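Colleague: I am new to this structure and would like to learn how to read its packing and its inner spaces. Could we go through them slowly?

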Amino acid sequence: MSEDLKDLVDNLHFGEKVARAEKLLKDHFDKFGDKAVVANSLGKDSMVVWDLALRVNPNAKGFIVTTPFKPPETIEYMNRLVAKHPGNLTVYRSNEPTQDIYKEDADKCCNIYKVEPVKRAIEEMDVDCWITGLRCTEGRTRTDYKEVEERDKDLIKLNPILLFKEREVWQYLAVYGVEANILYGTGLRSLGCAPCTAVTTSENERDGRWAGTSKCGGECGIHTRPLKDVKTEDAKEAVASA
Ligand code: SF4
């Protein structure tokens, strides 16, 4: 993590971090309108971002990607959340048949059931700016992100709570009365699919993800793989100039 980022994480207080997140969201909703969309994973961090987004823009839109392997508690939580925000949240899932391939090839499984539906959401919702709950203190794979990034051409990624510590996420949920998934009560600190989520007492809260495998504390791929295909106009230009 860069010294500048660490300095902000350690020295801004909770109120300053909330105000900074609100400003980032407002600036991007002003700039991108309905093309700024929240990716809601139903985890604690996403719920902070979703609540912030709705406070800044009551018409904010979001998408949820679910898989055949989500715990029943998460499905129930998702269904209640979607019913609470009719028209604001769209659920995406893979059209592929369910195959239990997470043991032999977790990367392939994540690609089929997570990355591909996220790509479809970005295409179908015509997203130019996706808004995530990514935080730089969650784990070893998340230390080098920025609050505003363009890793994919024509797709801005906004990480408005990048600076929040784990405690500040729970502080936000408590202060603003946002319900969290009941599974956090079991000791889990980072929620994913049932077969790939375990309790951890590690410093890094994501170390409970894919625990006991080489992917431990890693990524499903939505933050590391290209999500947006080259725009049609660009493709046409490429063909015309070929
Ligand atoms: S987290 Fe596990 S079960 Fe879920 S998509 Fe990835 S490998 Fe499959």
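Modeller: Let us begin with the inner spaces, where a cavity is a set of grid points where a 1.4 Å probe fits but cannot get out, and its volume is the space filled by probe spheres set on those points. Please keep in mind that this is a predicted model.

Colleague: How many cavities of 30 Å³ or more does the structure hold?

Modeller: There are four of them, and while the largest encloses about 480 Å³, the second largest has a volume of about 110 Å³.

Colleague: Which residues lie nearest the centre of the second largest cavity?

Modeller: They are Cys-109, Cys-110, Cys-193, Cys-196 and Trp-210, out of 13 lining residues, and by class that lining has nine nonpolar, two polar and two charged residues.

Colleague: And which element gives the most to the lining of the largest cavity?

Modeller: Helix α3 does, with three residues, and the lining as a whole divides into 10 nonpolar, nine polar and 10 charged residues.

Colleague: How should I read the packing of α3 against α6?

Modeller: Two packed helices are described by the angle between their axes and the distance between the axes. Here α3 (residues 44-56) and α6 (residues 166-175) pack at about 50°, with their axes 10 Å apart, and that angle makes α3 oblique to α6. Their crossing is left-handed, and the residues in contact include Met-47 and Leu-52 of α3 together with Val-169 and Trp-170 of α6. By class, this contact has seven nonpolar, no polar and five charged residues.

Key:
Residues numbered from 1 in each chain as written. Predicted model: local features only at pLDDT ≥ 70, side-chain atom pairs only at ≥ 80, totals over all residues. Heavy atoms only, no water. Axes fitted to C-alpha atoms, helices over the stretch in contact; angles between N-to-C directions. Helix = DSSP H or I, 4+ residues; strand = E, 2+ residues; numbered from the N terminus. Parallel < 35°, antiparallel > 145°, perpendicular 65-115°, else oblique. Left-handed = near helix turned anticlockwise from the far one by under 90°. Contact = heavy atoms within 4.5 Å. Nonpolar A, V, L, I, M, F, W, Y, C, P; charged D, E, K, R; others polar. 1 Å grid on protein atoms, 1.4 Å probe; cavity = no way out; pocket = protein on both sides within 12 Å on 5 of 7 lines; lining within 4 Å.
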